[in-house]
Amino acid sequence: MSNIEHKSANEWYVSRFRTFEDKLNGQSKSFLHDIRKNALVNLAELSFPTNRNEEWKYTNVTPILKQNFIPAMISTFPKIKKEEIKQFLFKDFDYHLIVFVNGLFAEELSTIGNLPKGVIVGGLNRVTKNNPDSISKYINNLSKIDNAFNALNTAYSYDGLVVIVPEGMILEKPIQVLFLNTSKDDLVLSVPRNLIIAGKNSQVSVITNYRGYGNKTYFSNIITEVYVEENAIVDFYKIQNENDESFHIEKVQAIQKKNSVFNHYNINFGGAIVRNDINTLHDDQNIETHYYGLYLAHGKQHVDNHTFIDHAKPNCMSNELYKGILDDNSRGVFNGKIIVRKDAQKTNAYQQNKTILLSKTATIDTKPQLEIFADDVKCSHGATVGHLDDTSEFYIRSRGVPQELAKSMLIRAFANDVIDTIKIEPLKEQLNHMIFEHLHRVEIENKV
Amino acid sequence: MNEIEEKKTISTETSSDDMKVLDDLTSSEYKWGFITDIESETAAKGLNEDVVRMISKKKNEPEWMTEWRLKAFRYWQKMEEPNWPNVHYPKINFQDISYYSAPKQKPKLNSLDEVDPELLKTFEKLGIPLGEQKLLAGVAVDAVFDSVSVATTFRESLKEKGIIFCSISEAVKEHPELIKKYLGSVVPYTDNFYASLNAAVFSDGSFVWIPKGVRCPMELSTYFRINSQDTGQFERTLIVAEEGAYVSYLEGCTAPIRDNNQLHAAVVELVTMDNAEMKYSTVQNWYPGDKEGKGGIYNFVTKRGACRGKNSKISWTQVETGSAITWKYPSCILQGDNSVGEFYSVAVTNNYQQADTGTKMIHLGKNTKSTVVSKGISAGFSNNSYRGLIKIGKNAEGSRNYTQCDSMLMSDKCGAHTFPYIEVENESSKVEHEATTSKIGEDQIFYLNQRGISTEDAVNMIVNGFCKEVFKELPMEFAVEAQKLLAISLEGSVG
């Protein structure tokens, strides 16, 4: 296959490291730099995944590797003004705003506002300088480097979202994180390195909002680590709307402790090739995990969602619902893996993947996968693929609704199962709007 | 659906009494283990072109057949042994296997009287209705005894209808045009590692050809029996149903106790033309190894059917209780418009057995339909995987698939896994997949106990209920045998 591209991509990214290192100034002494240097070794050795790799069977990354992206730290891109970001924000509710441009913290654009004592919300670079002890034990501790994309992120990790909520703290307002990505002359590689630590009995809600500005190609390669300590509740929203020319890869690695709850919402609109890996490890008992996903694709988009829940301990439950709407020549991939380990008795694990194909040329490859080693469990998964229901459409049209609107109604109803689980009301409506905007379909009036 | 799931999944603690009963039950020995003392002619171990030529020569095969085998062998040499299945076993030394074993002296026989009485006794022990029973059971049997057909019954009555039912080696000689046309047309010799190996060294097997418009009046059946030590059995079955024909074929197997692992790499090819229908049922009960997981048969089989014609139908039903390792995916290629593929499976693993089985449904024609019902039961230390592929091609307008795979776990040391692949390239089609995994319902056991039914009977009842959807697809005689087999395989496995 594309071995040449794969190999030269490794070489290209390794060769940029020296320039990157020079830019770091005094910071090449920090603990983060050791992590980077180790990752660089991995980057030289590990290959980028090919279709021969079972986990990447349906996703061909060659188009990403054909381009020589330049890490944001050593590339040039236009400055963003404060008024320009407004259009990308979710509005009508209170939030702490933190903005990253190409993965680098943009203080002048952020309005973090007042935070309760002990709460840290900021850029990784800043936190590494000011509070190294608060993160040194956590960063790169969960995510293991298992392919060249992870190695690439880790080798160039410099900035990214850090949220630390101390024990017993409940953060009332959600944190809205805008990751604005843009390229002009250079093809920019942004490598945000995100870390969320929710201490015991704490509660936090984070909305990561990935947006593309302009229509030039860029590449977001993200790693997010989430620590959910005892009794903590974390709502993690990811809304991805990169531009249609760009590539987006994110790996989320979460660990949960006793009695904790982790809700992951994964809404995908944009990107030419998108790959999400969402992995959660249950490290103790009575844990609850919910995954909700919605992916919409049109044109030639390729959206790949890989989810994994590792039920390592007894008495936990997980619930997963992923829905896809695929139009034009787009392709969707879903792989939902659940492992129930030997000792994880009394596990309840449910998973569902439903996909609707709106055009003759859209395709879906779905693989729900259960691996169960304990006997006292209740596990199920379901997967369906189909098209909009003809009889329902006929019924709506017989009431005098035009065809296009009837279709939109059915699409909205289909997506609603996922959208409805979102806890922030204003977000729901704005997402509904984005669905129709993205699929270029007639929108339904909000008022009933 | 919910209600059923609920019933299956609720559980309570098992009392230690139950455990004891179960332990007693699981410890039962393999019931069909006996070795027939018949002189057999076995080739020396090892595999090379000469061995392939020798096999071909032994069977008096024509030149083109020898060439085909050699092509397959040369191709096989370049292939790598697959390692993707979810099974683990020591590497097979393909040079340490003898590739040919035939009962010595095989004169052409016309009636049962001429058959070696030793052999007949073995068949009787297995309950094969040769001799007197053949009429009662109404089953025509092409008995395969370590690779070579010994006697074929009912040939005459089938002949009247124009049906050909004989061993592949006979067919090669007597119906070369059919063999040339169909052999390897569904599973080419390049298909996979074990199919190539089979193509090179296949010993014998059955050939069935049903002419246009004929409905085969009886269930056809072959009993396989692996007998000589250390001989891998490489069966090859080819069944062709011409336009509007119908046939139901049974395959059932038992094998004696062995210490050395025996390799079995069979190939089954089915072809149905317009409006033809075929039903292929298997009960597989080969030696699964002892309680420590020692010995047992490696069963690496390639089974595939092609619905070539319009409105044709192929239905696979399998009950897999034996073998140390089972690795097979009876598949359907739905080429003809409106063709139908079905797969019903019960796979039971106990002790250290491993099974990686499932199906592939390849929808190519318009309005093709497929149904997959798979029931996996794991007990002891075993691992049971369902692996399936549903592929809807671009032109398969209005296709439909329904898949249901349920697993039942009987101990806390076993595993149940599902790896379903669904690939859809056509928006007008509909695919549904549903899977559940749960423990055997202990409240159900309790309920039955309370009515005076012993735990082992209760387990049997529940398991039979769990598998009912599949059993009802089996022909009558098989259904009874399958239920018995299931009971034996699972004796005492709830814990």
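Two residues are in contact if their C-beta atoms, placed from the backbone, lie within 7 Å. Keep that rule at hand for the exercises below, which explore a predicted model.

**Exercise 1. Where chains A and B meet**

Task: Find how many residues of each chain take part in the contact between chain B and chain A, and describe the side that chain B offers.

Solution:
- Step 1. Apply the contact rule across the two chains: 31 residues of chain B are in contact with 30 residues of chain A.
- Step 2. Look for the elements on the chain B side. Helix H1 (2-9), strand E23 (415-424) and strand E24 (430-439) of chain B supply at least two residues each.
- Step 3. Sort the chain B residues of this side by character: ten are nonpolar, twelve polar and nine charged.
- Step 4. Follow E24(B) across to the other chain. It pairs with strand E21 (residues 378-386) of chain A in the antiparallel sense, through eight bridges.
- Step 5. Pick out one position in this pairing: Cys379(A) sits opposite Thr437(B) in E24(B).

**Exercise 2. The overall form of chain A**

Task: Work out whether the radius of gyration of chain A agrees or disagrees with that of a compact globule, then describe the chain's make-up.

Solution:
- Step 1. For 448 residues, a compact globule would have a radius of gyration near 22 Å; chain A has 21 Å, so the two agree.
- Step 2. Along the principal axes, the C-alpha atoms of chain A fill a box of roughly 70 × 50 × 50 Å.
- Step 3. Count the secondary structure: chain A holds eleven helices and 21 strands.
- Step 4. Check burial: 51% of the 448 residues in chain A are buried.
- Step 5. Turn to the contacts between residues at least 6 apart in the sequence of chain A. Of these, 84% join residues at least 24 apart.
- Step 6. Ask how confident the prediction is. The average pLDDT of chain A is 92, and 98% of its residues score at least 70. Within chain A, confidence is lowest in helix H1 (residues 3-15), with a mean of 82, and highest in E11(A), at 97.

**Exercise 3. Two domains in chain A**

Task: Locate the domains of chain A and describe how they touch.

Solution:
- Step 1. Chain A is divided into domain 1 (3-284) and domain 2 (390-448).
- Step 2. Taken over C-alpha atoms, the centres of these domains are 32 Å apart.
- Step 3. Each domain brings nine residues to the contact.
- Step 4. On the domain 1 side, strand E11 (233-241) and strand E13 (261-268) of chain A are the elements that give two or more residues.
- Step 5. The residues of that domain 1 side divide into six nonpolar, one polar and two charged.

**Exercise 4. Two asparagines with positive phi**

Task: Decide whether Asn140(A) and Asn286(A) are buried or partly exposed, and place each one in chain A.

Solution:
- Step 1. Start with Asn140(A), a residue other than glycine whose phi is positive, near 60 degrees. Its place is the loop between helix H7 (132-136) and helix H8 (148-155) of chain A.
- Step 2. Asn140(A) has 24 C-beta neighbours inside 10 Å, so it counts as buried; the cut-off is 20 or more.
- Step 3. Move on to Asn286(A), whose phi is also positive, at about 55 degrees. This residue lies in the loop between strand E14 (273-282) and strand E15 (288-297) of chain A.
- Step 4. Asn286(A) has 19 C-beta neighbours inside 10 Å and therefore counts as partly exposed.

**Exercise 5. A strand and its partners in chain B**

Task: Which way do the residues of strand E15 (residues 325-328) of chain B point, and which strands pair with E15(B)?

Solution:
- Step 1. In a regular strand the side chains alternate between the two faces of the sheet.
- Step 2. Here Ile325(B) and Trp327(B) point one way, Thr326(B) and Lys328(B) point the other way, and all are buried.
- Step 3. One partner is strand E13 (residues 297-307) of chain B, which pairs with E15(B) in parallel over four bridges. In this pairing, Tyr298(B) has Ile325(B) as its bridge partner.
- Step 4. Another partner is strand E18 (residues 354-357) of chain B, which runs parallel to E15(B) and is joined to it by four bridges. Lys328(B) stands opposite Thr357(B) there.

Note on methods: Residues are numbered from 1 along each chain as its sequence is written. Chains are lettered from A and ligands numbered from 1 in the order in which they are written. This is a predicted model: local features need pLDDT of at least 70, side-chain atom pairs count only at pLDDT 80 or more; totals for chains, interfaces and linings use all residues. The radius of gyration is taken over C-alpha atoms; the globule rule is 2.2 Å times the number of residues to the power 0.38. A residue is buried if 20 or more other C-beta atoms lie within 10 Å of its own, exposed if 12 or fewer, and partly exposed in between; C-beta atoms are placed from the backbone. Ala, Val, Leu, Ile, Met, Phe, Trp, Tyr, Cys and Pro count as nonpolar, Asp, Glu, Lys and Arg as charged, and the others, Gly among them, as polar. Two strands pair if DSSP finds at least two bridges between them. Domain bounds come from an automatic or database domain assignment. pLDDT is the predictor's confidence in each residue, from 0 to 100.
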